[in-house]
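Here are some worked exercises to try with the model open beside you. Have a go at each task before reading its solution.

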Amino acid sequence: MEKKESALIQTCSFAGVKPIMMDLPYPSVRVREKNQTYANLLSIDYCGAVSEMTAITQYINNENRLSCEQCSVAKTILGIAMAEMIHLQKLGEMIFLLGGNINFTAKQQNGRQKIWTPEYLNIPDHVKKMMAADIEAEKAAINQYRMHMKKIDDEEICAVLARIIKDEEYHIMILQTLAQEM
């Protein structure tokens, strides 16, 4: 008796997926002067519990888990993750210009440092719960950016953060639409 082998094949093509973001230019990445305090605040946005690093990883995980069964949703999630990668890159540039280090360590105001960990992720099994977790993460990011903007007296940095917030608000709208369609 001949044993027939079968293979599982990924049929969701991600060719042509682009970052999902507002169709607005980003301000130039500039800072007024080196400032370690500002670099530390941005390090939290870069790789803290609520951060671009966490968002990217959570979105990529969700996209991987959805790609075989819900290709269009997976493509949308990947597009959002790509926008978050752009945010991460902008934050990294500003941290560097401010004199900070890009080492996946969030520097707290109390002097403590915490390296990024996947423990920050919220990865529910059900698709609707995934969308809800992603929406909540976007809202938390917006709140954190706004809080940091109040502490940063540099209009160049705040302009970039305000532009990132526009993408995050757009992501919430898209995720809410996806959740309603489920």
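**Exercise 1.** Which kind of contact do the side chains of Lys-139 and Glu-136 make?

Solution. This is a predicted model, in which local features need pLDDT of at least 70 and side-chain atom pairs count only at pLDDT 80 or more, while totals for chains, interfaces and linings use all residues. Residues are numbered from 1 along each chain as its sequence is written, and side-chain values use heavy atoms, with hydrogens and water left out.

Step 1: apply the cut-off. A salt bridge is a side-chain nitrogen of Lys or Arg within 4 Å of a carboxyl oxygen of Asp or Glu. Lys-139 and Glu-136 meet in a salt bridge, at 3.8 Å from N to O.

Step 2: place the pair. Both residues lie in helix H4, 3 residues apart, about one turn of the helix. Helices (H or I, at least four residues) and strands (E, at least two) are DSSP runs, numbered from the N terminus.

Step 3: check the exposure. Buried means under 20% relative accessible area, exposed over 50%, and partly exposed in between (1.4 Å probe, protein chains only). Lys-139 is partly exposed at 36%, and Glu-136 is partly exposed at 47%.

**Exercise 2.** Find which salt bridge partners Arg-32 and Asp-125 have, and where the partners lie.

Solution. Step 1: start with the total, which is 6 salt bridges in the whole structure.

Step 2: take Arg-32. Its partner is Glu-155, with the closest N and O atoms 3.2 Å apart. Arg-32 lies in the segment before H1 and Glu-155 in helix H5, so this pair ties together parts that are 123 residues apart in sequence. Arg-32 is partly exposed at 43%, whereas Glu-155 is exposed at 53%.

Step 3: take Asp-125. Its partner is Arg-65, with the closest N and O atoms 3.6 Å apart. This pair links distant parts of the chain: Asp-125 is in the loop between strand E2 (113-115) and H4, and Arg-65 is in helix H2, 60 residues apart. Asp-125 is exposed at 71% relative accessibility, while Arg-65 is partly exposed at 33%.

**Exercise 3.** How many aromatic pairs are there?

Solution. Step 1: set the rule. Rings of Phe, Tyr and Trp (its six-membered ring) pair if their centres lie within 6.5 Å; planes under 30 degrees apart count as stacked, over 60 as edge-to-face and the rest as tilted. The count comes to 2 aromatic pairs.

Step 2: classify Tyr-46 and Phe-104. Their centres are 5.7 Å apart with 40° between the planes, a tilted pair. Tyr-46 is in helix H1 (residues 36-47) and Phe-104 in the loop between H3 and E1, 58 residues apart. Tyr-46 is buried at 9%, but Phe-104 is partly exposed at 35%.

Step 3: classify Trp-116 and Tyr-120. The ring centres are 6.4 Å apart and the planes at 80°, so this pair is edge-to-face. Both residues are buried.

**Exercise 4.** Which residues have the most contacts inside the largest nonpolar core?

Solution. Step 1: define the core as a set of buried Ala, Val, Leu, Ile, Met, Phe, Trp, Tyr and Cys residues joined through side-chain atoms within 4.5 Å.

Step 2: name the residues. The largest core has 49 residues, and Leu-42, Met-131 and Ile-157 have the most contacts inside it.

Step 3: trace the elements. H1, helix H2 (52-66), H3, helix H4 (127-151) and helix H5 (155-181) each give two or more residues to this core. The largest share, 11 residues, comes from H5.
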